[in-house]
Amino acid sequence: MTSCRHQISHERSGPDTTRTRGLLLALVAAFHHAEAVFPAAESCRDVLQHCRNEPDGVHDLDCFWERAHRGRHFCTWKPGRDPSEKYYTLLIHQINKCTPYTNRTSTRVQISVLTDKVLKADVFESGVSGVCTKDSFQGSMKNLRRCGPPDNVSFRRSEGRINVNVTWHPKEMKLINHFNVTYWAQGSPGWSKASQQSENATAGTVGSVDSSLAYSLEIRCVNNRECNQCKLSPVYSVPPELTTAPDLVHLKEADDAAMGGRRTVSLAWKLDPGKNAHDSYNVTIGKASGEAPRDSFNTTERQVTFILSYSSYHLEISAFNNVSTSPPLRHTIRRREEQLGVGAGKPNVTVHSNRSINISWRDDLMEKYVCYSAEWMARGQKAAYMSYHSKGSSRMLNFLDDLESLEPYRRYTLTLHMRPNKDTCNLKRVNNSESTYGTTQFYFLEGSPVGAPNVSSYNTTPDSAVLQWSSIPEEEARGFLLGYVIFYSMYRSEARMVKNVTVNPDVNRHTLKGLESGAPYEVQISGFTQAGLGVRSKLIAFKTDNNEYFQPSGIIKLTVIMAAVLIFGTTIIKRAKRTLWPSIPNPEKSNTLQKIEMTNELELLQSISTLRVEDWETDSLQIIKREQVTTAFISAGIPSLPEDSDDELGDVQETQAALPALVGGYTTMEMFRQAVPASTPANREGEPDVTTMRSQLDYVRQFSTDSTCDNRALQ
């Protein structure tokens with residue numbers, strides 16, 4: 001290799017001595033300034049001998065020329081690992097010429113070379129430690145045209161893809177046709193890297209990636225004739241894709257009377273940060289009618305508060321990072337159905353045609369407001385709107401060409417808003433920009449109802465029945481419902497008379513009174529509007545009850561009485577029986593009566609038959625039941641006693657005196673047995689049978705009575 005000294009000496013012999021002297025002075029000054037870093041040397045060869053290649057030293061020396069920098073030539077390298085301050089010297093060798101670039105601290109140096117010649121370069125690194133390392137490069141400048149890296153790169157992730165957008169230097173845009181993207185999941189081994197070529201020079205797509213993983217990417221243009229070299233870009237980190245929408249966790253509306261036709265709407269949301277690494281949130285709100293503008297802003301907070309009118313608003317909240325945006329949380333802040341507005345105002349609407357209406361409001365609003373906005377809509381339609389300026393209390397609105405015409409038989413709801421800004425009536429912003437005056441409803445053209453309610457009956461009584469029906473839907477009413485008419489009459493009666501009852505439109509139940517008991521009736525109901533009576537409902541029939549026993553109250557009373565009888569009846573009957581009919585022993589079944597066949601008892605009966613009636617102790621005797629005497633008395637053959645027999649009467653009186661006194665209670669045959677002697681004379685022939693006279697006596701009871709009654713009975 002020819003030394004720098006030889007090159008300089010050769011140049012001295014040339015005619016351009018001024019140039020040679022300048023170069024020599026520059027070399028001397030450069031080496032003198034860097035003599036503390038590099039040892040003094042007399043040639044480029046001497047410099048190379050003092051440094052060596054080391055793995056931890058300077059490396060990756062590269063020389064090239066760039067179109068992006070007006071075709072200038074550069075050499076770049078990477079520093080070694082020595083942490084101390086470093087100095088660099090670059091030697092360029094070309095056609096027996098050595099050009100030094102000394103005492104440099106930058107790793108990029110612009111050089112001057114011949115573009116059609118082979119170039120060799122050496123870079124030297126020396127630090128305070130005194131260790132000197134070097135690296136070398138050699139190549140033809142014809143093949144050293146370099147392009148890239150990109151000036152700007154952006155990424156977007158969606159649906160498992162990474163979209164890459166690249167911007168090159170303007171002088172390289174026409175030279176680059178495609179680029180390659182090398183990508184791998186962060187944390188994966190190096191062999192898992194994959195490459196994808198772009199569709200053109202500015203856009204490419206990496207498909208089939210895991211949305212939940214972060215990726216690393218490198219970009220390099222594809223080599224061509226104009227770009228012999230393509231510099232690799234730095235490594236870009238792409239975070240995971242946001243795939244989950246925020247969740248709404250709180251929504252609160254509050255009215256403030258001092259605010260006048262406005263409400264405070266507070267919202268809060270959440271998003272799991274572990275699975276959705278995001279930087280911030282984007283909040284967008286706009287009127288549901290589509291009136292501009294739409295407010296959009298970014299926030300790191302998870303809550304927001306708006307001051308809004310009573311109109312309807314669309315709200316969207318999305319999380320985002322530098323490569324993706326989450327699906328939005330969409331929420332509609334609904335229009336207030338019952339809008340109080342300022343002072344419970346209510347605008348008046350007069351329809352002139354299907355494309356023009358007149359709106360009027362209170363006169364006192366003129367002192368404060370001159371800008372208004374009207375919104376109107378039919379059910380199921382998007383709201384239309386017009387903003388206008390007015391210094392009076394009314395305004396005629398002629399619809400613009402882009403607004404739909406009013407349709408007949410459809411109900412429209414109109415809301416009037418007031419805006420404080422007088423310079424322009426258009427909405428400047430959404431938040432805290434307008435207040436609501438009030439709401440009203442109107443029809444362009446009303447018709448009679450084409451629908452009828454569904455009717456049912458219940459709670460029938462002998463003279464009444466309750467009817468209940470459903471409301472007529474708005475689309476079938478075709479106008480403002482003014483009420484219902486109930487038609488009823490006797491069911492299928494030849495001389496029936498149809499009666500009708502009118503009720504208010506907000507009533508859905510009515511009681512028919514003054515009906516006939518046990519009679520069938522038929523009923524139909526129809527609604528009516530300003531345009532007239534609508535169709536009638538399907539005919540229903542019912543029958544009134546026959547009498548009050550079939551009323552629910554009568555059935556309940558009867559049920560209670562029967563239950564009381566079943567529960568308490570047995571006890572009541574037993575107590576009444578003990579009180580009214582005492583338990584009387586039956587002499588027929590007593591032991592005494594079973595022994596009546598004994599002779600002493602027959603003779604006693606014969607003696608009794610001779611007694612006079614007036615001497616009887618009849619105070620305790622009473623006939624209470626007539627029954628055939630048992631066969632025991634009949635078979636005894638008791639003879640009749642003569643009425644005038646004094647002897648026999650005396651015997652009876654003696655016998656009576658021998659009987660115990662009967663003082664009370666029941667007298668049975670057992671007492672007679674105790675008082676009468678055991679022996680009784682035999683029956684006499686020809687005497688009458690006492691059994692025939694007293695055949696109806698069965699029970700004897702002690703009580704006070706007339707003795708003559710018993711006398712006649714014995715006779």
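In the predicted model, 14 aromatic pairs are counted. One of them joins Y443 and F480, whose ring centres lie 4.9 Å apart with the planes at 90°, so the arrangement is edge-to-face, the class assigned when the planes are over 60 degrees apart. Because Y443 belongs to strand β30 (residues 435–443) whereas F480 is found in the loop between α4 (474–477) and β33 (483–490), this pair ties together parts of the structure that are 37 residues apart in sequence. With regard to solvent, Y443 has a relative accessibility of 8% and counts as buried, while F480, at 28%, counts as partly exposed.

Strand β30, which carries Y443, is part of an open sheet of 4 strands, arranged in the order β27-β26-β29-β30 with antiparallel pairing. The edges of this sheet are formed by β27 (384–389) and β30, each of which pairs on one side only. On average, and with direction ignored, neighbouring strands of the sheet are turned by 20° against each other. The pairing of β30 with strand β29 (residues 411–419) is antiparallel and extends over 8 bridges, and within this part of the sheet R411 stands opposite Y443.

Aromatic residues also appear in other settings, including a cluster formed by W361, Y372 and Y388. Two contacts between a charged side chain and a ring can be described as well: R478 lies over the face of Y409, at 4.2 Å from the ring centre, and the charged end of K193 sits over the ring of W184, 4.2 Å from its centre.

Notes
Residues are numbered from 1 along each chain as its sequence is written. This is a predicted model: local features need pLDDT of at least 70, side-chain atom pairs count only at pLDDT 80 or more; totals for chains, interfaces and linings use all residues. Side-chain values use heavy atoms; hydrogens and water are left out. Rings of Phe, Tyr and Trp (its six-membered ring) pair if their centres lie within 6.5 Å; planes under 30 degrees apart count as stacked, over 60 as edge-to-face and the rest as tilted. Helices (H or I, at least four residues) and strands (E, at least two) are DSSP runs, numbered from the N terminus. Buried means under 20% relative accessible area, exposed over 50%, partly exposed in between (1.4 Å probe, protein chains only). A charge sits over a ring if NZ of Lys or CZ of Arg is within 6 Å of the ring centre and within 35 degrees of the ring normal. Two strands pair if DSSP finds at least two bridges between them. Axes are lines fitted to C-alpha atoms, for helices over the stretch in contact, and angles run from 0 to 180 degrees between N-to-C directions.
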